[in-house]
Amino acid sequence: MMTEMNVTETDSTVEAGPLGPDTAGSAIASTVALRLENIVRRYKEGNGTLDVLTGANLEIRSSELVALVAPSGAGKSTLLHMAGLLERPDSGEVYIGNRAAGKLGDPERTLMRRLEIGFVYQFHHLLPEFTALENIMLPQMLRGLTKAQASERAKQLLDYLKLGARASHRPAELSGGEQQRVAIARAVANVPKLILADEPTGNLDPKTAHYVFDALSALVRASGLSALIATHNMELAERMDRRITLRDGKVVEL
Ligand code: ADP
């Protein structure tokens, strides 16, 4: 595996360009991509319960990048799991676009998640036996696109992220920053409404983190998506449109 030391990915910049049917600044710009309404989530803890979310409210509009900054254990991952329909709240409602997810069955939630939400994690979770290109093609083929269509979009995304020359590399042959950029391309491959990211640059050195964050935000903005990004990095958080935190299980603007 290449180390962060011998790559020069911080040398170039990522320019914005339209990459999906929705373009930033279009008529949909004022619509809501995600709404959390009075989300309550508690976990069993010994004989009692741990109240992680106690009535969390949040609205993210289309084309908005929001940073979620809070100490470890405050409930960031729990909030992202609620927003990403990975877990159900004990009460409250999650809207993706203007569609409420609460009353939907699991198959419908899975479909909604697959079509409308892209996930980026701290560790890339790319499939090791597939190339960078194939990793970006797979979610599109699951959605029903042909191999040729999926490959074309995957190439377009890799080129945009200045990874065209790495298309046939497997994850182990990529640097940490490159792996994370492929993971970002995979997350946006199906042109979701919303990107949810949990410490997407937490595993990278500061310079690479900066570059990867620029790539993520340029792509999100160029595609007219919205993003909720949990990060400990205040410098990166400052460059997003808005910053929120969690206090006593509720969302508070910073
Ligand atoms: P953060 O992402 O801000 O570090 P988390 O959302 O992961 O916080 O966790 C918030 C709290 O909920 C922590 O105290 C954690 O131990 C607890 N927690 C998270 N998931 C579970 C679970 N599945 N079962 C029990 N407790 C959990």
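**Exercise 1.** State which strands helix α6 lies across and at what angle it runs to β8.

Solution. In this predicted model, local features need pLDDT of at least 70, side-chain atom pairs count only at pLDDT 80 or more, and totals for chains, interfaces and linings use all residues. Residues are numbered from 1 along each chain as its sequence is written, and side-chain values use heavy atoms, with hydrogens and water left out.

- Helices (H or I, at least four residues) and strands (E, at least two) are DSSP runs, numbered from the N terminus.
- Helix α6, residues 206-222, lies across β3, β7 and β8, where contact means heavy atoms within 4.5 Å.
- The angle of α6 to β8 is about 155°; axes are lines fitted to C-alpha atoms, for helices over the stretch in contact, and angles run from 0 to 180 degrees between N-to-C directions.

**Exercise 2.** Place β8 in its sheet and give its partners.

Solution.

- The order of the six strands is β6-β7-β8-β3-β9-β10, in an open sheet with mixed pairing; two strands pair if DSSP finds at least two bridges between them.
- The edge strands, each pairing on one side only, are β6 (117-120) and β10 (250-253).
- β7 and β8 run parallel, joined by five bridges.
- β3 (residues 65-68) and β8 (residues 226-230) also run parallel, with four bridges; Leu 65 has Ala 227 as its bridge partner.

**Exercise 3.** Are the residues of β8 buried or exposed?

Solution.

- Buried means under 20% relative accessible area, exposed over 50%, partly exposed in between (1.4 Å probe, protein chains only).
- Five of the five residues of β8 are buried.
- Ser 226, Leu 228 and Ala 230 lie on one side, Ala 227 and Ile 229 on the other.
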